[in-house]
Amino acid sequence: MSSTPLLRLPVEMLRNVTDHLDLQDRVRLTVTNRYLYFTLGVPTHSEFLAAEASEFATSKQLYACKGCIRFRSLTQFADDMRKGARTRSGPEAQSRFCLECGVERGWYSEGAMIAIYGKPAVLGRLCSSVTDHCGSKASCGSRTLVWKPLPMRQHSRYESWGYMTRSCSETRHAQEEYEMWLDV
């Protein structure tokens, strides 16, 4: 079985061709097979930040996360990570991280007050869930679950995009709650 003409190109020519692709097209190409994945590599955080200005990212409301180094929907970020200096093309955009990375990597400390769509939330001390309980003690078992880290779907080892199920607030999805419908 012969390889495709693209795979027969020298590495330098292949990189010259792929340098003209948009970020999302380059990522899609790299996950097609092992050779391209290891030859072209995974995009860097600075490449994601540069791609935030593209029509693709702005139309789908995608922001780059410094922790997982991928695009995430704006619904995956706390308010202070999407506004002010950390906004798209802002002076501190490179320090923006998603809720999942903030919780898993300890960037949000237990009991931290976080605003999500203008609603105050707090990171529970025991369950690492973000709830609406904003008293002096962050406890698990408060009324409304605002955001909860969920297990990641198993990816192929070459896939660099992540996945997290949609947040649920009581019985309604976050999209219904905030009148936002994501293209996921």
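pLDDT is the predictor's confidence in each residue, from 0 to 100. The model used in these exercises is predicted.

**Exercise 1.** Find where in the protein confidence is lowest and where it is highest.

*Solution.*
1. Start with the whole protein: the mean pLDDT is 75, and 68% of the residues reach 70 or more.
2. Then go to the elements. Strand β1, residues 62–65, has the highest confidence, with a mean of 94. Strand β7, residues 168–169, has the lowest, with a mean of 40.
3. Check the stretch from 150 to 184: pLDDT stays under 50 there, and the model has 63 contacts beyond four places in sequence for these residues.

**Exercise 2.** Determine which residues of the largest nonpolar core touch the most other members, and which elements supply the core.

*Solution.*
1. The core has 18 residues, and C65, Y108 and I114 touch the most other members.
2. At least two residues of this core come from each of β1, α7 (99–104), β3 (113–116) and β4. The largest share, 3 residues, is that of α7.
3. Take Y108 and leave aside neighbours within four places in sequence: its contacts include I114, L99, V103 and L123.
4. Another core, of 8 residues, lies apart from this one; L23, V27, A57 and F71 are among its members.

**Exercise 3.** Decide whether K119 is buried, partly exposed or exposed, and place K119 in the structure.

*Solution.*
1. K119 belongs to strand β4, residues 119–123.
2. Buried means under 20% relative accessible area and exposed means over 50%. K119 has 38%, so K119 is partly exposed.
3. D79 is 40 residues away along the chain, and the C-alpha atoms of K119 and D79 are separated by 9.3 Å.

Key. Residues numbered from 1 in each chain as written. Predicted model: local features only at pLDDT ≥ 70, side-chain atom pairs only at ≥ 80, totals over all residues. Heavy atoms only, no water. Helix = DSSP H or I, 4+ residues; strand = E, 2+ residues; numbered from the N terminus. Buried < 20%, exposed > 50% of the residue type's maximum accessible area, 1.4 Å probe, protein only. Contact = heavy atoms within 4.5 Å. Core = buried A, V, L, I, M, F, W, Y, C linked by side-chain atoms within 4.5 Å.
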